Amino acid sequence: MGVHAMRAGVLAGGLLLPAWSMADWTLNMTPGVTGTSNEIFSLHMTILWICVAIGVVVFGVMFWSILAHRKSEGHKPAHFHENTAVEVAWTIIPFVILVIMAIPATATLVDMYDTEESDIDIKITGYQWKWRYDYINDDFGFFSNMATSQDEIYNRAAKSEHYLLDVDNPLVIPVGKKVRFLVTANDVIHSWWVPAFGVKKDAIPGFINETWTRVDEPGIYRGQCTELCGRDHGFMPVVVKAVPQAEYDAWVQDQLAAAELERQLTEKEWTLEELLERGERVYATACAACHQANGAGIPPTFPALKGNPVVTEDLPAHLDIVVNGVSGTAMQAFGPQLSEADLAAVITYERNAWGNNTGEMITPKQVFDYKNQQ
Amino acid sequence: MTGSPQPSTRSNARVIAWCLAGVVGMFGFGFALVPLYEVFCDITGINGKTGGRYESSVPLERDESRIVEVQFLAQNGPDMPWVFKPVTRSIEVHPGEPTTVVFYAENPTAKAMVGQAVPSLAPAEGTLYFHKTECFCFNQQTLQAGETVQMPLVFIVDKALPEHIHKLTLSYTLYDQSVMGEVSRIKQAITTTNRNG
Amino acid sequence: MSAVIDTHAGEHHHGPAKGITRWLFTTNHKDIGTMYLVFSFAMFLFGGSMAMVIRAELFQPGLQIVDPEFFNQMTTMHGLIMVFGAVMPAFVGLANWMLPMMVGAPDMALPRMNNWSFWLLPCAFLILASTLFMSGGAPNFGWTFYAPLSTTYGPPSTTFFIFAVHIMGISSIMGAINVIATILNLRAPGMTLMKMPLFVWTWLITAFLLIAVMPVLAGVVTMMLMDINFGTSFFDASGGGDPVLFQHVFWFFGHPEVYIMILPAFGAVSHIIPAFSRKPLFGYASMVYAVGAIALLSFVVWAHHMFTVGIPIAGQLFFMYATMLIAVPTGVKVFNWVATMFRGALTFEAPMLFAVAFVILFTIGGFSGLMLAIAPADFQYHDTYFVVAHFHYVLVPGAIFGIFASAYFWLPKWTGHMYDETLAKTHFWLSFIGMNLAFFPMHFLGLAGMPRRIPDYALQFADFNMVSSIGAFMFGATQLLFLLIVVKCIRGGEQAPAKPWEGAEGLEWTLPSPPPYHSFQTPPEVK
C-alpha cells in the first residue's frame, strides 16, 4: 500500500519545517497488540480502501469534467438532467457496499462485548485528574498520577521521552490472560483509552461499565483520558505494563507488602525534614497542577496557598480541607486518596514552603487520629 | 409592508399556530424523554440501574444445574468520608435462590450524616434478571458520628438470565446526602480569604 | 449598505428610513438579511480568533500562551459561537435575502417577527461573550456541555450560558416559522412544491428540523438550569439521575443540528453548479427526496455520538446501521452534482470554485463520517483528532464554503456591482490551501492517538500540530480578504446586469440588480 510513498511525500514536503528528534510523521492507525485492536485495524483499513475506491471513481469523473468539459475548451453543454436507471443504480450499489461493510463490523462488535470468563477483574475509577485501579480479586488498589513535572510542561526543563504519557504507578496486568475492566468515575465523566488494546470506555459517575482485553506481548502501553473532564483533562495519562505471569504474581505480593509498610509508616516517628522531603514529592503530584509549584494558585478558581491564613494559621481548617475537600469546588477530599504519611507530609510541607515558615509539623499519627475521631 | 400580493393573514396565522404547537410539543417531548428513558431502561435494563423492591406472587423456581457468580463493588461519591465496602466480595448462587449478603458502612466523622447508595449492574443485559427483595439502597441511611452498620441485601437471580451470562457485578456508589452547613462555611471562608488577597 | 437603496424610479414611496432607525426598526427582508450576514461574519471573526488562540497554544508541545482552564473556555466558546453565531445566522441571512426573491414574493411573510428574531441574536451573544469576563470564567465544558461537568462542576457563568442558549433558540425558532410561512403562503402562482428552487426546498426542510429540535435543546438546558439552581437531579447520579440521559437528549437535538448547518448549503450549491456548468441540475426530484431522507434519518442516529458510553449491543448495532444508511442519500446528492458537471460547459468563477471545493471536501468529510459510523472502529476514533478533522471537513468546506459560494454568487444581485474576481479567486485559493493544511493533518493526529480538547500533547504529535497551526493561521488571515472584497463590492465596481451569470436560472435573476426594496410588487407567473 501507499503509506510509505505518502510518508516519503510528506517528509519531503516537511523538510522546510523544523522537526524534533522525538517527533514522527505517523499517518495511520497502528494495529495494536490485541485481537480486538487488530480486528479494528483491519476494519479501518477495509473501510478506508472502500472510501478511496469510491473517491477515485467519483472524483475521477469530476476531474474529467473539470478538465475536458470547459467552456474555454469550446465544449458545448449537454442538456440531460435525469436518468432513472443511473439514479437507481447509484442508490442500490452504495447500499450493497454498506451491507458488506456492516457484516465484519457486527462480528467485531459482538466480540468486543463478550466480557465473560475473565481471569482477572480490575476496577478503574476516573477522578479529576487521575486514575485509580483496584484489583478486586486481591483487595488492593492505588492511584495513578501523571509523572511529568510542571517544569517540563511550562518549558523550564527539557521534555522527557514520554512527555505527558508517564505515570507514577502504572496499571500492571499479566500477559495472555483475559482482563476484565469495570469502569466508573468519582466526579465527572472520563474515558479510559489504550489505543494499542483497542479499548476505550467511558467512566461515568454512579454507573459501571465493563470492557476487556487480552495482551499477549509484554510491554508498556500508553493512552490518555479521552472525555473532556475539566482543567487537567490533557494531563491524566493511562500507562499499562503487561508482564509475564510470574512477574505479575511477584508484583502483587510486593503491593500487598507495600500496603502493610504504609500502615507501619503511620506509626513511625517522623522528623520535620523527613516530612518536608516527602511532602514536596506529594505536593508535586497531588497539588501542584492547581495550586502551582510555587503555591501561588490560579485565583479565583484555585486559591493561593502562599500566605493563605488557612495554611499559615488555622491548622484544623487546613487539615479538614485537605482530608475532606471543599464541596462544590475543585478541591477534592484527599483523605481517602492519600496515605496518612502522605497527608501529614503534604500539610507540613504547605505550612513551611514558599515563606509560610510556620515551623509547625503534623505527624501521620495525628492525621490518623483526626480521621478517626472527627 | 404593502405590495399587491398581500399574504392572507389567516393562512399565516394558521402556519404560526401549527409551528408553535410543534415547538411546545417538542419542548414537552424533551422533558418527556426523561420518564420515557426511565421506562425504556426499566423494560430493557440498558443503563444497568437495578429496579426497586421485587415482589412476586409465585416463588421463583431454583435452578440447581446452573451457577452464577455475583460480584460486589462499593465506592464513595465525591467528598464522602464514610468507610463503605461489601463484606462478601463475591458469591456463587443458583438462579432462583434468595441470597443475603452484607455491606459494611462506618461514619468516621464527628457529625451525623446521611448517605444514599446508587446501584449499577454490569453487564447491563443482566439488570432485568437481578431482583432485590431487600436492600439498603431502597432508603437513605443515617449514621451518627462514629456509628457503624451492617447493611443487608437480599437478592434473587432470575432463572431466565440469558445462558451466556455467568457473572454479574453489582456496584454501589455511596453519595453524601447530608446538608453541608459546615462545609459551606469553610468554602465561604476561603473565598473571603481569596478576595482579601 | 447604500447600494441596497431602491434606485427603482417611481416607487420610492417605500424606500428605507434614514439613519440608525432604518436598521433598528426595519421589517425589510433585505435589510434584515444584510444584518444577519454582517452579524454572522462578525461572529465568524470572533470565533475564529478563538481558534487562533487554540492553534497558537497547540503550535508546540508544552504550555506557552494560555492556561488549560482558559484553553477549555476557548474550545467551548469557539464551538458555540461558530455553530450558533456564525453558521446558523449566515444561512438565515441568505434565506432572508433570497427566499422572497426566489418564490416571487415582495417580502417575508412575517416581517415584524423577522426584525425581532434578528435583534435577539446580538443580545444572546452579548450575554455569552460577557461570561468571558465573569469570575470563574466562561463555559469551559465543551460546546456539547456534558453533565455533570457542566452542572455540578460548571463555572458560575453557566446560568448565563443557559440564558443565552434560550434566547438564540427563540430567535432560531422565530426565523424558522417565518421561513415556513413565506414558503407555504407567498409562492408565486404556478410555483408548485416540486417546482421550487432547491435552496427553497432545503430551507423548508431545515426550518422543520429547527422547529423539531431547538425546543429539545431549550428543554435540555432548562433541565440543567434546574439541576444547578433548583436542586433537581435530572443528570446527577447521587439524586437518582443519569448523566448518560443528558447525552441522549443533547444528541437528539445535536444530530439534526448538524444537518441544519449543512442542508441550506446543499441547496445553494445545487444552484451554483448548474449555473456555471450551463446545464440543468441533474436529478432534481431525487435531490429533494434525498434531503428529506437525510432529515428523517437524522432523528434516529443520535447515539452514534455515544458508542463508548456503554450502550448495549443491540442499541449499538441499530445506531450503526441507521448511521451508515445516511451515506446513501448523501451519496445520491454528490453523484447528482458530479453528473450535473459532466458534459457541461464549465467556467470557474469564484462561486463555482467554492462550490466544487465544497463537493470534493464535503465528500472527504463524508468518508470519514462513514468510517466513524462503524461502531467498533469508532472505539478507536472517538474523541480523538480524527473526529475534529471529520467535523471540520464537513463544516468548514461544507457550511462555510457553501456560504462563501452563495455570497459571491449573489453579491452582484445584492449590491448591483460585480465583485473583484481576482481577489475573490485569491481568497478561494488561500482558503482552500490553508483549510486543508489545517485540517487534513488532524486525521493523522487522531489515528496516531491524540485526544481532542487537550491544551498540550505528547511529543510524537508535534510536527503535524505545527503544520496544522500554520494552515489555521493562513486560513484565518485570509478571511480578512473577504471583508475587503465585500466592502469594495458594496462601494462600487462594474455595474452588474440583472443576470450576471450566463447559466443561472430562477426568479431572482428576473429582478434588476440591485433589486427593488420590495422584491416582487406583482407576483410573477411560473410556468
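The bend at a residue is defined as the angle between axes fitted to the seven residues ending there and the seven starting there. The figures depict a predicted model, in which local features need pLDDT of at least 70, side-chain atom pairs count only at pLDDT 80 or more, and totals for chains, interfaces and linings use all residues. Residues are numbered from 1 along each chain as its sequence is written, while chains are lettered from A and ligands numbered from 1 in the order in which they are written.

**Figure 1. Helix 3 of chain C bends at C:Met82.** The bend amounts to about 35°. Helices (H or I, at least four residues) and strands (E, at least two) are DSSP runs, numbered from the N terminus. Helix 3 of chain C comprises 36 residues, 68-103, and spans 50 Å from its first C-alpha to its last, close to the 52 Å expected at 1.5 Å a residue; the expected span is 1.5 Å times one less than the number of residues. Of its 36 residues, 35 are buried. A residue counts as buried if 20 or more other C-beta atoms, placed from the backbone, lie within 10 Å of its own, as exposed if 12 or fewer do, and as partly exposed in between. Just after the helix, C:Gly104 adopts a positive phi of about 80°.

**Figure 2. Strand 9 of chain B pairs with strand 1 and strand 5 of chain B.** Two strands pair if DSSP finds at least two bridges between them. Strand 1 (residues 68-76) runs parallel to strand 9 and is joined to it by 8 bridges, with B:Leu170 as the bridge partner of B:Phe72. Strand 5 pairs with strand 9 in the antiparallel sense, also over 8 bridges, and here B:Gln116 stands opposite B:Tyr175. In strand 9, 10 of 10 residues are buried. One side carries B:Lys167, B:Thr169, B:Ser171, B:Thr173 and B:Tyr175, and the other B:Leu168, B:Leu170, B:Tyr172, B:Leu174 and B:Asp176.

**Figure 3. Chain B combines 2 helices with 9 strands.** From the N terminus on, the order is α-β-β-β-β-β-β-β-β-β-α. The domain assignment, from an automatic or database source, gives domain 1 (11-44) and domain 2 (68-179). Their centres, taken over C-alpha atoms, are separated by 37 Å. Of the 197 residues of chain B, 36% count as buried.

**Figure 4. Chain B touches chain C through 31 residues, against 39 residues from chain C.** Two residues are in contact if their C-beta atoms, placed from the backbone, lie within 7 Å. On the chain B side, the elements that give two or more residues are helix 1 (9-44), strand 5 (113-122) and strand 9 (167-176). Helix 1 gives the most, with 15 residues. By class, this side of chain B has 18 nonpolar, 12 polar and 1 charged residues. Ala, Val, Leu, Ile, Met, Phe, Trp, Tyr, Cys and Pro count as nonpolar, Asp, Glu, Lys and Arg as charged, and the others, Gly among them, as polar.

**Figure 5. Chain A meets chain C with 85 residues in contact with 82 residues of chain C.** Helix 2 (35-68), helix 3 (84-112) and strand 7 (199-203) of chain A each supply at least two residues to the chain A side. That side divides into 46 nonpolar, 24 polar and 15 charged residues.
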